[in-house]
Amino acid sequence: MTDFTEDMPEPLPVKQLPISRQFMRRIQNRWRQIVTVVPFLWLLVFFLAPFFIVAKISLAELAIASPPFTSLIEWTGDGIMTIRLVFDNFVYIWEDSLYFDTYVNSLKISVTSTFLCLLFGYPIAYAIVRSGPVAKPLLLFAIILPFWTSFLLRVYSWMGLLADQGTINNLLIALGIIDEPIRMLYTEFAVYIGIVYTYMPFMILPLYANMEKLDNSLNEAAADLGSRPTNTFFKITLPLTMPGIVAGSLLVFIPATGEYVIPDLLGGGNVQMIGRVLYNEFSRNSDWPVAAAVAIVLLIILVLPIMVFQHYQGKASEEQ
Amino acid sequence: MTVSTTVSAAPWLEQKEQQPLVQIRGVTKKYGEVTAVDNVDLDIYKGELFCLLGGSGCGKSTLLRMLAGFEDLNAGMITIDGVDMADVPAYERPTNMMFQSYALFPHMTVEKNVAFGLEQDHVPKFDLADRVHDILKLVELEDFKKRKPKQLSGGQRQRVALARALVKRPKLLLLDEPLAALDKKLRKQTQFELANIQDKVGVTFIVVTHDQEEAMTLSSRMAVMDAGRFKQIGTPTEIYEFPESRFVADFIGSANIFEGRVTEDGADHVRVETGFCEVFVDHGHSVKVGSRIWVALRPEKIRLEKSDEVAEGPNQTSAIIDDVGYLGETSIYKVRLPNDEVFDVTMPNQSRPTHATQRITWEDKVKISWDPSSAMLLHS
């Protein structure tokens, strides 16, 4: 065997970076790691930890103490640790029809509100996308404008508008359209008004962002191939705006299900939503374990749509 | 696919007696103050591959979109196969369009994209599948029918767009910059493919393009557009060899354009006096003796040879090489004429320039000359 390596030219020396540059590189790499850790840390401290605390409380018993629940971990005399998980709170929620009915009612109201937001929000978003270069920023500004005013103030304004002696009834009576005031405040109708009004921007903005990306030549291509406008809407526009519909719907549905202020102020005692029940358990009854259990069940109900959302997001980003 | 055998080489001559497939009469389109298309008239005959050629903003795309039904006319009339299109919406026109961006439906597979148009016509299922299969075979995409547009290359997308537009067998296919999104090599190859497909299916094509080479390769006839008007309509050869105006002469290919004065106007020849020599043209032209006129000479039609003698006689002059550009297949020479005008002359590099002395180079004294048939007289 001949050794060829002797004939081979010396490999060129790998060019070394100066020490200072190497040091900078290392700091940059480390910095990149730190940056990716931040969101995880954030979720851990502000989401996961509180969740486990609430889960822990939901598995405890009510006690006359401060805080008003028993500890899960108990130490018996001879240094043995026992963990006591109490599922009574969940059983209680399941057996008392008040809670079940309230969940169903909350879901009914939030699903209906989401649908109404979509029904009105979709054409609004579409119109904004199609509006001219002058009108578009103004219209978008108008959508965001309500956020400059306090949420509570806006709900109180609706109380003033909807009350028996409120603006709307007074106006209708003055115009001679009705004789007696129509009861609107403290009804489910008022709650729908409040939720749809409050959450509409959360529907419109994701829809707008989605529609803005749509190429108008797709509509023209459909027409060119013989498709009438309504058919084009259902075959082309609607499927392509599905990611926006899903995003907007979840942004409305999830907070609306747990909504507390709107049903409390506009629905009064007549509209039971789970947010109100939770508040009552927590502050009036001081029953933290049941309140925590109510919150956990609500979370489980809401996790499902979030998973649907994630699924669609994955699919949408795969397609575009 | 129906294979038409009746496509002739020059439908605009042979069908002269018949009604043109497309009649454009006095069509005008304005956007506010801007006139995009300005009172144009055009006849396009069955089986033609007609190119609308022009720079950006010349109105060529607007005219195409008016044919498709996406834009209303401000004035004039468009008829397709004898039917006035004024009240016919885009979805009922016997035209299909291939979009510059292709406009493929991103949520549908190749197959579904192609089938979309047939579904709108309620074509029966078995027939639909056959037609989709045939057209995908024509554009060589059968193996890709289950893919989504984003899983295809640019060239494949272009072919899907073509298949989708062709599958409905339109009377008229409108193509908006069909090759602009492809890279140069693929574009050249596709130019010929497109012309072959047109030949096979026998559909009348109207192609909008800004690329003069594309227009020359593809079209049976073409119209050169500028500022919303047609500058000239004719076959590629007519447009290249007999431009009517400085704009067309300069837009298609390159040309050395200079001024002269007509000294003789015969039935079969014209003489023009210019600042450097007499130009003799061996065909008749309707010009007035004594009038000033523009003359154009294509760089490749000028002969160039080393010569120390002073050139005398028509169609030749002495000159000095100002600059040389080596382009590989050809070389371009900037030659300075006695009156200080500079001409471009191109010559093919037929042999490798080995001996530096043989080469024509800077400051060389040369003689340029051209055939009596080469000079082009321009009206404007």
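Author: Domain bounds come from an automatic or database domain assignment. For chain A that assignment gives domain 1 (13–74) and domain 2 (88–319). The model is predicted: local features need pLDDT of at least 70, side-chain atom pairs count only at pLDDT 80 or more, and totals for chains, interfaces and linings use all residues. Residues are numbered from 1 along each chain as its sequence is written, while chains are lettered from A and ligands numbered from 1 in the order in which they are written.

Reader: What makes residues of domain 1 of chain A count as in contact with domain 2 of chain A?

Author: Contact requires C-beta atoms, placed from the backbone, within 7 Å. By that rule 10 residues of domain 1 of chain A touch 9 residues of domain 2 of chain A. The C-alpha centres of these two domains are 33 Å apart.

Reader: Why is strand β8 of chain B called mostly covered?

Author: A residue is buried if 20 or more other C-beta atoms lie within 10 Å of its own, exposed if 12 or fewer, and partly exposed in between; C-beta atoms are placed from the backbone. In β8(B), residues 204–209, 6 of 6 residues are buried, so the strand is called mostly covered. Strands are DSSP runs (E, at least two residues), helices likewise (H or I, at least four), numbered from the N terminus.

Reader: How do you know that strand β3 of chain B pairs with β8(B)?

Author: Pairing needs at least two DSSP bridges between the strands. β3(B), residues 49–54, and β8(B) have 5 bridges, in the parallel sense, so they pair. B:Leu53 stands opposite B:Thr209.

Methods:
Two residues are in contact if their C-beta atoms, placed from the backbone, lie within 7 Å.
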